[in-house]
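Reader: I am in my first year and still learning to read structures slowly. Could you take one part of this model and walk me through its strands and what surrounds them, step by step?

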Amino acid sequence: MQFEYKTIQLQSENAIWRLTINRPESLNALNLLVLSEMGEALRFISEMGFEDARALVITGSGTKAFVAGADIKEMASLSASEAVQFSKKGQSVFSELELIKIPVIAAINGFALGGGLELALGCDFIFAADHAKMGFPEVSLSLIPGFGGTVRLARAVGLRKARELIFTGDMLTAEDALRSGLVNKVVPQAELLSSVNKRLEAILNKGPVAVQAAKKTMQVAWDMQIDDALDMEAEQFGELFETQDSREGMKAFMEKRKAQFTGQ
Ligand code: CO8
């Protein structure tokens, strides 16, 4: 399938989609067009059925940068109200990413700065190449993160570490990021996409409706009071008992065979 995007590339293999931010001349910086095209691509993928879309990998083109932030050259001329609009546009695309049904893995192949790290934080997991560097350098521009970073970084690494990173603008190496719990795994650049695919295999063998329910429950319950969150978990747990896959999963266990899931 051919797509007409100018700033991203979208491809799929065996129902695993890969979205590549493709502006290498600007270290894949996010401008309004990238955000619009990403939003369009996410809506396209989210309308697909189980057979056609099982997971999404997000990466940047080349080996130098995942995404080096929002496009500073485009941002420099924004008025205050245009900056609010730009911020809200990025926030809404990354929230769509967070809520898309299928698992999403960020494959950080170089610098992930500012808006780039905010993009990665909207993904379910982060894998990083060993030369990757990440951080929030916005204070060096006398700005703050504006695509969700002030909220999501604290949730990922805790408020104290997040404050330190955002107040100083320091960059973390991939190994530091691993130690902080910001990334799940660090691998050599040449193995980045194959490692992501290998991890995805472990997920794709499992009941897809259950993985989606786990994603939704963990995402939505995060903002709830504990009693409401536990109610939601119980409801989602119950709903799975209405699926063929959960019957098949439990039956296969008892019959000592591998379950055949259909996404129903
Ligand atoms: N925006 C636009 N262009 C960029 C960006 C960027 N974020 N990053 C790099 N580029 C461009 C450079 O200008 C350069 O272009 P040119 O050759 O035309 O001068 C090209 O990419 C290559 O970059 P460098 O020559 O700088 O490469 P280096 O290897 O010397 O340095 C760095 C790499 C360290 C990554 C460096 O490019 C850098 O510091 N980039 C900016 C990083 C940054 O500050 N990111 C945060 C941006 S602000 C942000 O993300 C806020 C998000 C929320 C927005 C809310 C809206 C209001």
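**Strand β7, the open sheet and the ligand**

Author: In this predicted model, strand β5, which covers residues 104-108, pairs with β7 in the parallel sense, and four bridges join the two. To place this pairing on individual residues, look at Ile-105, whose bridge partner in β7 is Phe-125. On β7 there is also a pairing with strand β10, residues 185-187, again in the parallel sense but over three bridges, and here Ala-129 has Val-187 of β10 as its bridge partner. Strand β7 itself runs over residues 125-129 and is mostly covered, since four of its five residues are buried. As background, the strands of a sheet pair through backbone hydrogen bonds, and they may do so in either a parallel or an antiparallel way.

From β7 we can turn to another set of strands, an open sheet of four with the order β4-β6-β8-β9 and mixed pairing. The strands at its edges are β4 (65-67) and β9 (171-173), and because each has a single partner strand, one side of each is left without a neighbour in the sheet. Going from one strand to the next, the twist averages 20 degrees. At the β4 edge, the partner is strand β6, residues 111-113, and these two pair in the parallel sense over two bridges; if you want a pair of residues to find on the screen, take Ala-65 and its bridge partner in β6, Phe-111.

The strand β6 also leads us to the ligand, which is surrounded by 25 residues, the closest being Lys-64, Ala-68, Ala-70, Ile-72 and Gly-115. Three of these names return when we follow the backbone contacts one at a time. A backbone N or O atom of Ala-68 lies 3.0 Å from a nitrogen atom of the ligand, while for Ala-70 a backbone N or O atom lies 2.7 Å from an oxygen atom of the ligand. In the case of Ile-72, a polar backbone atom is 2.9 Å from a ligand nitrogen atom. On its own the ligand has 1,100 Å² of accessible area, and the protein covers 67% of this. Two or more residues of the surrounding shell come from each of α2 (72-75), α3 (80-99), β6 and α4 (115-121), and sorted by class the shell holds 13 nonpolar, six polar and six charged residues.

Definitions and conventions
Residues numbered from 1 in each chain as written. Predicted model: local features only at pLDDT ≥ 70, side-chain atom pairs only at ≥ 80, totals over all residues. Heavy atoms only, no water. Buried < 20%, exposed > 50% of the residue type's maximum accessible area, 1.4 Å probe, protein only. Pairing = 2+ DSSP bridges. Axes fitted to C-alpha atoms, helices over the stretch in contact; angles between N-to-C directions. Near = heavy atom within 4 Å. Polar contact = N/O pair within 3.5 Å; in protein donor to acceptor, adjacent residues only side chain to side chain. Areas by Shrake-Rupley, 256 points an atom, 1.4 Å probe, with all protein chains shown as cover. Nonpolar A, V, L, I, M, F, W, Y, C, P; charged D, E, K, R; others polar.
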